[in-house]
Protein chains: 2
Amino acid sequence: MSITARSIETKTGSTPIAFPPSMIGNQKTSPLTTFAGGAEIYVPGEQAGNLYEVEFGAVRLHRLLSDGRRQVIAFYLAGETFGFEAERSHSFFAEAMVPTGVRISRQPDGQASPELLILALRGMMRAQEHLTVIGRQTAVERIVGFLLDMANRQGSLNHFDLPMSRLDIADYLGLTIETVSRVFAKLRAAGLIKLQSVRCVQIKDFQALGGLCA
Amino acid sequence: MSITARSIETKTGSTPIAFPPSMIGNQKTSPLTTFAGGAEIYVPGEQAGNLYEVEFGAVRLHRLLSDGRRQVIAFYLAGETFGFEAERSHSFFAEAMVPTGVRISRQPDGQASPELLILALRGMMRAQEHLTVIGRQTAVERIVGFLLDMANRQGSLNHFDLPMSRLDIADYLGLTIETVSRVFAKLRAAGLIKLQSVRCVQIKDFQALGGLCA
DNA sequence: CGGCCCTTTGATTCATATCAACGGTTGTGG
DNA sequence: CCACAACCGTTGATATGAATCAAAGGGCCG
């Protein structure tokens with residue numbers, strides 16, 4: 001069964017609750033801030049400058065067009081860092097998709113730490129690779145690629161939780177919720193995956209799935 | 001009329017010809033290397049580590065899928081810099097689209113210069129914004145946005161050259177060459193642009209075009 | 001002048017979106 | 001403890017924007 005934290009003290013507003021490090025047990029890191037599923041972490045226009053490292057849970061970055069169309073730019077899982085921007089203020093929404101804990105640190109102001117450069121370069125590469133997915137791949141290719149990426153990022157288990165809804169997946173891959181659902185059904189019918197629950201995917205045939213990627 | 005350099009000493013191979021600075025007249029910058037239109041500047045797998053600043057001409061970065069589908073990741077015009085990567089080796093093809101001169105400098109090895117960080121963050125932001133274009137915009141929105149972007153980057157002239165072919169534009173925007181051609185025709189028929197030649201666009205109505213963007 | 005390549009235009013097809021309805025799960029309140 | 005409501009996901013029918021297939025112009029170079 002899928003395990004999702006549901007009893008963690010969380011918040012739905014936008015003012016982080018910071019627990020002192022002593023409460024967490026790790027004296028060296030910044031305090032842990034938690035967010036309820038659906039809670040905004042920051043919004044476009046808000047001043048940037050913090051780095052957010054996901055301790056547990058999952059975060060999405062997205063942008064809205066004026067008529068409501070939405071593009072999810074990236075997902076961040078446990079251990080991953082987000083929040084750095086080229087501009088002074090944020091360009092995207094950052095929202096927790098499930099109960100999530102992040103460690104917030106001040107981005108060295110105007111300083112170019114090697115770590116931040118690596119993050120920026122990797123972020124650029126990820127976005128550039130995602131361009132090919134959205135620009136040139138079919139619905140099946142996009143979703144198979146997405147599932148394999150998720151499996152990798154969760155430690156290459158053949159069995160993992162999707163912390164995001166079908167709508168989030170659709171908006172990440174440039175598809176609709178119905179298309180996502182249909183492709184999942186097709187992969188299941190072909191015996192390539194198994195849905196232990198709506199949010200919990202088991203990969204039955206890595207090799208065959210790999211063959212469906214571009 | 002459109003002005004395109006055609007008589008410059010260029011090369012079609014992949015070994016840059018470096019002119020000593022004294023030949024160029026600027027003693028402070030790195031030597032100028034020129035490439036013929038269509039010439040490869042680097043290919044995937046090649047060792048990365050150089051920065052390339054476009055002096056004149058235009059470069060495209062692209063990637064190929066195994067079956068030949070192509071995604072153009074970015075265009076670089078005069079004054080813009082490319083070539084930085086998260087990995088040790090290049091992930092993309094870089095090709096001159098027209099006769100092009102670049103200044104190549106060694107990327108400070110493992111060093112995190114503020115300039116490089118800015119480039120990386122801006123590159124990330126550009127790619128992320130392009131995701132929304134490709135993932136959620138219509139053919140007309142993509143092309144109008146592209147034309148306005150090109151106008152901006154060439155100094156907001158209402159009259160500029162496109163250094164790339166229709167195929168390049170299509171592969172950049174996730175469309176086909178035919179769709180690009182039809183949208184151009186439509187914009188021309190609506191009196192919003194004028195094609196002085198295939199490669200030279202005149203913007204007739206910035207405001208109306210802006211209204212067509214998402 | 002002739003050939004090649006790029007672009008345009010037209011006819012048709014197709015993948016995915018849209019519209020519509022149903023099903024399953026979760027959480028709540030009587 | 002059960003009934004209901006809300007939400008999310010699935011499935012089906014139809015519509016449509018862009019792709020594909022096809023062929024006919026230009027412009028440039030040899």
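# A walk from Gln71(B) to the DNA

Start by selecting Gln71(B), which sits in strand E5 (residues 70–77) of chain B; helices (H or I, at least four residues) and strands (E, at least two) are DSSP runs, numbered from the N terminus. You are looking at a predicted model, where local features need pLDDT of at least 70, side-chain atom pairs count only at pLDDT 80 or more, and totals for chains, interfaces and linings use all residues. Residues are numbered from 1 along each chain as its sequence is written, chains are lettered from A and ligands numbered from 1 in the order in which they are written, and side-chain values use heavy atoms, with hydrogens and water left out.

**Stop one: around Gln71(B)**

Is Gln71(B) buried or exposed? Gln71(B) is buried, at a relative accessible area of 0%. Buried means under 20% relative accessible area, exposed over 50%, and partly exposed in between (1.4 Å probe, protein chains only). Now show what Gln71(B) touches: including Leu131(A), Thr132(A), Leu61(B) and Ile134(B), not counting residues up to four places away in sequence. Contact here means heavy atoms within 4.5 Å. Look for two backbone oxygens by this side chain: that of Asp171(B) at 3.1 Å and that of Tyr172(B) at 3.3 Å.

**Stop two: where the chains meet**

Color chains A and B separately. Each side of the contact is made of 42 residues: 42 from chain A and 42 from chain B. About 3,800 Å² is buried between them, with carbon and sulfur atoms giving 66%; buried area is the accessible area (1.4 Å probe) that two parts lose on being put together, summed over both.

How many salt bridges cross the interface of chain A and chain B? The rule finds 6, a salt bridge being a side-chain nitrogen of Lys or Arg within 4 Å of a carboxyl oxygen of Asp or Glu. Pick Arg122(A) and Glu87(B) to see a salt bridge with N to O at 3.7 Å. Then highlight H2(A), which gives the largest share of the side of chain A that touches chain B, 18 residues.

**Stop three: salt bridges inside a chain**

Select Arg70(A) and Asp168(A): they form a salt bridge, with the closest N and O atoms 2.8 Å apart. This pair links strand E6 and helix H4 of chain A, 98 residues apart, and both residues are buried.

Over in chain B, Glu55(B) and Arg103(B) also meet in a salt bridge (2.8 Å, N to O). Glu55(B) lies in strand E3 (residues 50–56) and Arg103(B) in strand E8 (residues 100–106), so the pair ties together parts 48 residues apart in sequence. Glu55(B) is partly exposed at 39%, whereas Arg103(B) is buried at 8%.

**Last stop: DNA strand D**

Select DNA strand D and the 18 residues that surround it; a residue is near a strand if one of its heavy atoms lies within 4 Å of it. Sugar and phosphate make up 65% of the strand D atoms that come within 4 Å of the protein.

Zoom in on these side chains:

- Thr179(B) has a polar side-chain atom 2.3 Å from a phosphate oxygen of strand D.
- Ser181(A) has a side-chain N or O atom 2.8 Å from a phosphate oxygen of strand D.
- Glu178(B) has a side-chain N or O atom 3.0 Å from a base nitrogen of strand D.

Finish on H5(A), which gives the most to the surface near strand D, with 5 residues.

Terms used. A polar contact is a pair of N or O atoms within 3.5 Å; within protein, one must be able to donate a hydrogen and the other to accept it, and residues adjacent in sequence count only if both atoms are side-chain atoms.
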